[in-house]
Amino acid sequence: VIMYCKITDKLKEECGVFGIFGTDEASVLTTLGLHSLQHRGQEGAGIVSFDGRSFHSVRKQGLVGDNFNNKSILSQLPGKTAIGHVRYSTTGESKPENLQPLFANLAIGGFACAHNGNLTNTYTIKKKLVESGSIFQTSSDTEIILQLVARSQKKKIIDKLIDALNKIKGAYSLVIMTNKKLIGVRDPFGIRPLVLGDKNGSPVLASETCALDMIGAKYVRDVDNGEIIIIENNEMSSVKPFPKQKPRPCIFEYIYFARPDSLIDGKCAYEYRKNFGIQLAKESDIQADIVVPVPDSGVPAALGYAEYSKKK
């Protein structure tokens with residue numbers, strides 16, 4: 001793969017999302033979860049919590065450890081439910097207003113959303129929304145989801161969300177928080193990852209299993225492609241409102257984005273990468289004296305290549 005970029009560009013990765021429902025340490029555990037997902041984005045981080053009456057939001061540019069590792073910040077995030085986000089700007093400029101989770105007060109109550117992915121019909125939808133009177137506060141494609149949910153004529157929040165998702169195209173894994181619910185959504189193609197965990201009876205949603213390991217949560221399963229998980233009153237339900245599609249996961253999760261110790265489809269990312277190196281050695285048939293990985297995520301593949309070459 002050949003990548004062309006400006007001299008000033010730095011290597012960037014993907015966003016990470018996290019959410020936990022029904023625990024006294026929601027914001028603390030969300031901070032820890034975001035720490036473990038820091039490799040997916042270093043531009044900024046944010047947490048939104050709900051204390052049963054009000055929503056509380058802190059969003060900061062920079063690393064999680066530089067902004068959320070003190071009591072004064074965490075004291076601003078009370079409540080038993082929280083969602084968080086670490087950002088790399090795949091869409092929208094690197095500006096404070098684009099940091100997530102995004103929050104809006106809708107007619108049916110508060111709505112906070114953390115999004116990992118890219119929408120491919122952003123321009124078309126945004127143009128129509130602006131022409132019909134919508135006002136956008138950010139340049140992030142995530143705000144389109146909030147706008148569509150707000151404008152939906154459906155009565156219930158899940159129906160509004162489904163209505164909105166039927167209008168967008170692209171890759172998305174969403175963690176959403178309302179006055180009563182924690183919601184996880186994965187796009188019909190399963191392009192972006194989302195896993196479900198359990199922390200002493202409190203449901204957890206995260207981009208990768210390493211976030212579950214960080215807080216001592218048990219991995220339950222991957223969220224299915226096109227699935228919406230609804231958590232309310234510590235009870236969980238699931239709906240699959242979209243036509244079934246052939247899975248098209250992002251290959252870069254396997255070779256680069258995911259942390260090496262995260263599970264992807266039940267197998268460690270490290271194992272995938274090492275097997276890629278073995279396969280490359282089989283196909284290239286080059287007896288190399290030295291195998292050099294670039295960047296560090298290439299180390300497992302280099303080890304696999306070197307080990308196979310040594311056996312030959």
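This section describes the surroundings of Arg 186 and Phe 103 and the state of several cysteines in a predicted model.

Arg 186 belongs to strand 8, which spans residues 181-186. The residue is buried, yet no salt bridge is formed by Arg 186. The nearest side chain of opposite charge is that of Asp 222, at 4.6 Å; because a salt bridge requires a separation within 4 Å, this pair does not qualify. Asp 222 is nevertheless in contact with Arg 186. When neighbours within four places in sequence are left aside, the contacts of Arg 186 also include Val 223, Asp 224, Asn 225, Gly 226 and Glu 227. Further contacts are made with Tyr 172 and Ser 173, and with Arg 192, Pro 193 and Leu 194.

Phe 103 is located in strand 5, comprising residues 102-106. With a relative accessible area of 33%, Phe 103 is classed as partly exposed. Beyond neighbours within four places in sequence, Phe 103 is in contact with Phe 55, Gly 110, Phe 111, Ala 112 and Leu 146. The C-alpha atoms of Phe 103 and Ala 114, residues that are 11 positions apart in sequence, are separated by 9.1 Å.

The structure contains 0 disulfides. Cys 250 is accordingly in no disulfide, and the nearest cysteine sulfur, that of Cys 15, is 12 Å away. Cys 250 is buried, its relative accessible area being 14%. For Cys 268, the closest cysteine sulfur is that of Cys 210; the distance of 10 Å is too far for a bond. Cys 268 is partly exposed, at 23% relative accessibility.

Technical notes. Residues numbered from 1 in each chain as written. Predicted model: local features only at pLDDT ≥ 70, side-chain atom pairs only at ≥ 80, totals over all residues. Heavy atoms only, no water. Helix = DSSP H or I, 4+ residues; strand = E, 2+ residues; numbered from the N terminus. Buried < 20%, exposed > 50% of the residue type's maximum accessible area, 1.4 Å probe, protein only. Lys, Arg positive; Asp, Glu negative; His and termini not counted. Contact = heavy atoms within 4.5 Å. Disulfide = S-S within 2.5 Å.
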